[in-house]
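Have the structure open and be ready to click around. We'll go through a few spots one by one, starting with a helix.

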Amino acid sequence: MEKFIIKGGNPLEGKITISGSKNSALPILAATLLTPEECVIHRVPNLSDIRYMLEILKFLGAQVDYENGTVRIKCKNVHSTAPYDLVRKMRASICILGPLIARCGQARVSLPGGCVIGDRPIDLHITGLQKLGADIEIIKGDVVAHGGILRGTSIHLKGKYGSTVLGTDNVMMAACQAEGTTIIEGAACEPEVEDLAHFLCSMGAKISGMGTQQLIIEGVKELHGCEYTIITDRIEAGTFAVAAAMTKGNLFLEHAPVEHMGSVLEKLKDCGASIEIENQGIRVSRSGPLRAFEIVTAAYPGFPTDMQAQFCAMATVAEGTSKIVENIFPNRFMHISELKRLGAMIELSQNQALIHGIERLSGAPVMASDLRASAALVLAGLVAENTTEVHRVYHIDRGYEKIDEKLSSVGANITRVYSKI
Ligand code: EPZ
């Protein structure tokens, strides 16, 4: 196991290059199951979640080559069973379900287990695929599907907490080769869903309405191989933008997808950061006070839940009291008890947190619990007095490519060391 040792206080200055998007790469890699031909995908970030997905695809029969950010993959002969041991490592592996049903006419995929960020059912995925004609049961913890011929139809995919990202992906991928036209109402509009739709169109799919809540998919007979470059990661870019604001730094975030970061950049400006859009990226800096704020998480283009923890860390040292309402994963507050170990003043009741800003956090050992919570702890460590130890950094390696190297290249005092706990 590894941990980060962080000595806080350095303003971050310089350039960081933003990697490809994890949440775009995962479903796009799963979509390669839809064709026996080779797909070449560029800007795939080197993350443990990506390696898990490639392991699953190899297990299903894919030939895979991954080098310098490019994946060459060919799913010539694939089988349709993905066991618990593989799937349990990563919830997002559920997005192989739709492609397997479409490609093999059947699938047996282990139900993803529990998740620390909260209850994450897949009922919408299942009802959406059933509407297309798949006969699905849950047997001994597995989703068992018999597809036969899938037929296009109208499907409403909104649930209690709004649209579903991977649910939209699964149904959209299965509908690409269904007979007739499928209309998905209440579809997720996240840029990663749009990127997947564009990838599918490069394979020969017929999809319109990308980026809107109504997706129209005209079924085609077959899909072919393609070459594609995925979008860059708005959440990684948002995390570094918060780092610049918190450390009173000046960072140029090369290839940051500014067009996907509207709500996050607006909030950063409200907090007192200055945002300049430059050629090939954005510059984030702060010279004046850090002001308190209010955020309510929502589906895109609303404020992303995947940036909530990072803003929570920022609120701990802002002037005044900030309010955070988490509407997507109401229990997604594992970072709060750890931030309190650094001296943060936070009141949590149900899905609302009130954060009373203080002058300075003080370093201590803390434990990462999930991907974005661990990013929040690293950000807090960058501004805390003395030394902060962030344990179990394997969580952060799931979604941030070489974050310690990127941060130290712009002046952070952060080292990765072996840890017994
Ligand atoms: C995606 O997860 C992202 N993961 C998550 O990012 C992100 O937090 C989430 O979307 C919301 O933006 C990937 O893209 C790999 P949802 P997903 O289905 O698709 C409820 C990160 O940090 N729901 O959009 O699993 C669900 O419980 C990760 O990178 C149902 O009720 O999320 C939640 O409250 C964490 N039934 C809400 O909808 C369903 O069948 C949104 O979940 C499906 C979801």
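Which residues of helix α11 (residues 334–341) are buried? They are H335, I336, E338 and L339. Keep in mind that what you're looking at is a predicted model. A bit of helix geometry helps here: an α-helix has 3.6 residues a turn, so residues three or four places apart point the same way. Now look at what sits over those buried residues of α11: the cover includes α10, β20 (345–349), β21 (352–356), β22 (365–367) and α12 (371–383). Follow the chain just past α11 and you come to G343, which takes a positive phi of about 100 degrees.

Now jump back along the chain to another helix, α4 (residues 97–104). Here the buried residues are L97, G98, P99, L100 and I101. Among the elements covering them are α1 (22–31), β7, α5, β8 (135–139), β9 (142–146) and α6 (165–175). Just after α4 there is again a glycine to look at: G105 has a positive phi of about 75 degrees.

Stay in this part of the chain for the annotated site. An unreviewed UniProt entry lists R91, R120, P121, I122, D123, L124, D306 and I328 under "binding site"; that annotation may be inferred rather than shown by experiment. Let's take two of the listed residues, R120 and I122. R120 lies in the loop between β7 (106–110) and α5 (123–131), and I122 is in the loop between β7 and α5 as well. Are they buried or exposed? R120 has 29% relative accessibility, so it counts as partly exposed. I122 has a relative accessible area of 7%, so it is buried, the cut-off for buried being under 20%.

Their contacts are worth clicking through too. Leaving out residues up to four places away in sequence, R120 touches R91, C115 and F329. Under that condition, I122 touches R91, I94, L111, P112 and V143. R91 turns up in the contacts of R120 and in those of I122, and UniProt lists R91 for the site too.

Next, the aromatics. How many aromatic pairs does the structure hold? There are three. In one of them, F293 and F311 meet edge-to-face, with 5.6 Å centre to centre and 90 degrees between the planes. This pair links distant parts of the chain: F293 is in the loop between β17 (281–285) and β18 (294–296), while F311 is in helix α10 (residues 308–315), 18 residues apart. Both F293 and F311 are buried. F311 also pairs with F303: the ring centres are 4.9 Å apart and the planes are at 85 degrees, so this pair is edge-to-face. F303 has 6% relative accessibility and therefore counts as buried, and F311 is buried with a relative accessible area of 0%. Put together, F293, F303 and F311 form one aromatic cluster.

Last stop: a pocket. Rolling a probe the size of a water molecule over the atoms shows where empty space is left. The second largest pocket has a volume of about 390 Å³. It is lined by 19 residues, and the closest to its centre are M246, R286, L290, V317 and E359. What is the lining of the second largest pocket made of? Its residues divide into ten nonpolar, four polar and five charged.

Technical notes:
Residues numbered from 1 in each chain as written. Predicted model: local features only at pLDDT ≥ 70, side-chain atom pairs only at ≥ 80, totals over all residues. Heavy atoms only, no water. Helix = DSSP H or I, 4+ residues; strand = E, 2+ residues; numbered from the N terminus. Buried < 20%, exposed > 50% of the residue type's maximum accessible area, 1.4 Å probe, protein only. Contact = heavy atoms within 4.5 Å. Phe/Tyr/Trp six-rings, centres within 6.5 Å; stacked < 30°, edge-to-face > 60°. 1 Å grid on protein atoms, 1.4 Å probe; cavity = no way out; pocket = protein on both sides within 12 Å on 5 of 7 lines; lining within 4 Å. Points joined across faces, edges and corners; volume = space filled by probe spheres on them. Nonpolar A, V, L, I, M, F, W, Y, C, P; charged D, E, K, R; others polar.
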